[in-house]
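Good morning, everyone, and thank you for making time for this. I would like to walk you through one structure, starting at its ligand and then moving outwards, so please keep the picture in view while I talk.

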Amino acid sequence: MMTSKPPVCVLDTVDATLAPCPSYLSEVFTARLDRWWPDLLAGLAAVYPDAEDIAHRVVKLAALAFTERPEDLHSLDLRRSLEPDWFQRPDSLGYAAYADRFAGTLSEVAHKANYLELLGVTYLHLMPLLASRAAPNDGGYAVADYRAVQADLGTLDGLRRLTRELRGRGISLCLDLVLNHVAREHQWAEAARRGDSHYRAYFYTFPDRDLPDVFDATVPEVFPDFAPRNFTFDEALQSWVWTTFHDYQWDVAWSNPDVFCEYADIIFFLANAGVEVLRLDAIAFLWKRLGTNCQNQPEVHAITQALRAAARIACPATIFKAEAIVGPRDLVHYLGTAERTGKVSDLAYHNSLMVHIWSMLASRDVRLATHALKELPPIPSTTAWITYVRCHDDIGWAINDDDATAVGLTGWAHRAFLSDFYSGQFPDSFARGLVFQENKHTGDRRISGTLASLAGAESADELGDDEATDLAVARILLAHAMIFGWGGLPVIWMGDELSLLNDFHWDDEIKHADDNRWVHRPQMPWETATTVSQQVSATGSDSQALPTVKGSQALPTVFDSRVTLAKCVYDGVRHLSATRSALPHLHASIQTQVLEPSDPGVLQTLRAHPLGRLFGVYNVTDTWRPLPEARLAKVGLDASWCVDAISGAPLVSGDGLIWQPPYSAWWITSS
Ligand code: GLC
C-alpha cells in the first residue's frame, strides 16, 4: 500500500545516512522528506510497479548527497526557500553562451562576469560543458561523463569555483542535463557493448528491424538530413539501438528504474557543484509508446515530478528548466497542469512566442500571433516562461494548423512563407538565414541565423543602406522589448546584444561543417564588447531611451562602423533591462493577456498586477500606427496619467489617436 508518510524503513535509512550531520541539518532533511515524499512516490508510481522501493533508493542517494552538500549551498537552500520567486522577478535576466565561444575557458568566464553584470544578467546558461565524446558531439549534447568537465574548458573544481564566483555576483549558473541520451562512448553504453546485461537494459535495443520499422512509421525524424530515422545498428550489440538524434547519441531507457536512480544521483551531484538551474535537454522524448510520435507522453511528466521532488529534498535551491520545443498545446504540461501543478519544471521555453515574434516581423501582421498566444492556457503562478528571440538552435516553424485556419491562413503555406522569408528567398525579404534540415517528406525547412542577420542588419550592410540599418536596429530592439515585456525570464543569446551578424566562416571548422546552426554561434568580439560596455562603466550613465525610426522625412541615423551599431543595440538592450527591473507588473507570477488588436499591425498585451496595469503595445510594421486613446480606458488605465515606461514620456494624443513609430514598443502604465 502507498503511504503518504515515509515508511519506517526509509526513515531508518535516513537516520543511518545522516548520522554524521549536526541534528539541526538532519531535521531540515526530514522535514523536507515529509513534505515531498508524496510527490516523489506518486510520480514514481505512475511509471514503475515497485515505486516504494525505488523511492527508498532515491531517498538514500538524496541523504548521502545532503551530507556532502557544501555549507554555502545549504545556506542557499534556505535563502531560496525564503524567496522562491527569485527567477520570476522583473530584475532577473538571462544570458546564454558557449563557454569557449564566450570566453575560452571556465576561469575566463568568471573574468567576464563584469560584462554580464553591467547588462543586468542574473542567470547564465553555459552550453554543454560536461565531458562529451570527441567531435562530432552535437555541440556537446553527446555526454560521455556527467561527472567531469570537458578538458579544454576546465575541471570540476573549476566549475565549483565558477558557480561560487558567479553566485557572489548574483548570477545563477544553468547547465544542461541531457536526459534523453548519452554518447555511445559513455560508460553505460561501453559496458553494454562489452556484453554487460545490466547496462544493456539502460538502452532500447532490438535484434531485428521488426519493431524499429513499426516505430519509425509514427516517430518523426529530428535531423532528417544528417541522421535519418530513429535507430542505428550497433555491431558489438548485433542489434538496433534507439537513436532519436545522431547515431552516436543513444537514447536511455527511462522505463528502467535503474536509469531513474542514476539521473537522480547526477542531479544531486551537479547541484552540489553549485549548479542552480538544470536545463532538462530533450525532455519531451523520454518515454516511448508504440503508435505515437514518442513525444510528450504522460510518463514524462510523472518522471519529472519524481525528479523534482527528489531535488527538493536534497538540494531545493536547484530548479528545473524544461527544454521541450513542442506544439503549444503540449507545452504547458511541462510547467504543470492539473495534479502536477507546481510539481514539475519551474521554467520552460516559450517556443510559441519566439516563433510568433518572427512570424509577426515577416508578415507585419499580429492576427495569427494574437489568436495562437491567446489560446495558450495559463501557467502555474509559481513558474515562468523563458522568453527568447534566438538561442543556439535553429527556428522550427511551430505554427499550428488550426490557429492558421482560424485567421484565414493555411498552416503549411504560412510555414513555407516563413522559410522563404527568413532564408532571404522571398522577394524583398530583409532576412539572411540558412535553411536547416529540409525535410523532403513534410516540406519543413527550419532556419539558422543570428538575430541581427534575420532582422535585416546583414542585408542593410550589403546595400550600405542606413535607413535599412535603422529598421533592422528597431526590429532587434522591438523583439527584445517583446520578450522583456512578456513577464517571464528573458534570455539573451550571446552576441544579440551587440547585433552580431552571421558567422560567415562557420563551416571552416571541419567538425561543424555539416551543421549550419554554427552560423549563429560566433565568437564573442571582445574588442567591441569592451568598447561599448566601458563607455557605460566610464560614464556611469544609465541607459537612455530607445532610438526611434523617424520615417521617410527624417535622415536615418548614420552607423559609421560596426561598433556604433553594436553600441546602439547594446544601449537599447541595457535600457530595456533597466526599465524592466523597476516594473513590478512584469513579475512572472502574473499572466500576460493577449488582447484583440485595434490594428492588425500592432500586438497588444495586458498585465494586470495588483500594483497596476501594464499595457504592452508593439507595432510590428514599418509604418506609423494610430492607437485610439479610448483604448487606454478600455484596458483599465487612466488616460490622463499614462506614460510609456520605456521612453519615460507621457503619451500625446492629437485627435483621439496616439501615433506609434514603426517597429516600436510601448509599455504603458498609469502611475
Ligand atoms: C536539444 C538541444 C539541441 C540538441 C538536442 C539533442 O534540442 O537544444 O542543440 O541537438 O537537444 O541533444
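Let me begin with His181, where an N or O atom of the side chain sits 2.9 Å from an oxygen atom of the ligand. Please keep in mind throughout that this is a predicted model. Asp281 also has a side-chain N or O atom 2.9 Å from an oxygen atom of the ligand, and for Glu323 a polar side-chain atom is found 2.9 Å from a ligand oxygen. As for how much of the ligand is covered, the ligand taken alone exposes 310 Å², and the protein buries 94% of that area.

Which residues surround the ligand? Besides the three I have just named, the surrounding residues include Asp138, Tyr141, Phe223, Phe245, Gln249, Arg279, His392, Asp393 and Arg517. If we sort this shell by class, we count 6 charged residues, together with 3 polar and 3 nonpolar ones.

Now let us turn to the empty spaces, where the structure holds 3 cavities of 30 Å³ or more. The largest cavity contains about 70 Å³ of space, and among the residues that line it are Tyr123, His125, Met127, Lys321, Arg390 and His392. You may recognise His392, which also belongs to the group around the ligand. The lining of this largest cavity divides into 8 nonpolar, 2 polar and 2 charged residues.

Two details of the backbone deserve a careful look, and a general remark helps here: most peptide bonds are trans, and most residues other than glycine have a negative phi. Ala135 and Pro136, however, are joined by a cis peptide bond, with omega at about 0°, and Pro136 lies in the loop that runs between strand E3 (130-132) and strand E4 (143-149). Asp428, which is not a glycine, has a positive phi near 65°, and its place is in the loop between helix H18 (411-422) and strand E15 (434-436).

Finally, stepping back to the whole protein, we find a division into domain 1, covering 187-251, and domain 2, covering 590-670. The centres of domain 1 and domain 2, taken over C-alpha atoms, are separated by 53 Å.

Key. Residues are numbered from 1 along each chain as its sequence is written. This is a predicted model: local features need pLDDT of at least 70, side-chain atom pairs count only at pLDDT 80 or more; totals for chains, interfaces and linings use all residues. Side-chain values use heavy atoms; hydrogens and water are left out. A residue is near a molecule or strand if one of its heavy atoms lies within 4 Å of it. A polar contact is a pair of N or O atoms within 3.5 Å; within protein, one must be able to donate a hydrogen and the other to accept it, and residues adjacent in sequence count only if both atoms are side-chain atoms. Accessible areas come from the Shrake-Rupley method with a 1.4 Å probe; for residues, only the protein chains shown count as cover. Ala, Val, Leu, Ile, Met, Phe, Trp, Tyr, Cys and Pro count as nonpolar, Asp, Glu, Lys and Arg as charged, and the others, Gly among them, as polar. On a 1 Å grid over the protein atoms alone, a cavity is a set of points where a 1.4 Å probe fits but cannot get out, and a pocket is an open set with protein on both sides within 12 Å along at least five of seven lines; lining residues have an atom within 4 Å of a point. Grid points are joined across faces, edges and corners, and a volume is the space filled by probe spheres set on the points. Domain bounds come from an automatic or database domain assignment. Helices (H or I, at least four residues) and strands (E, at least two) are DSSP runs, numbered from the N terminus.
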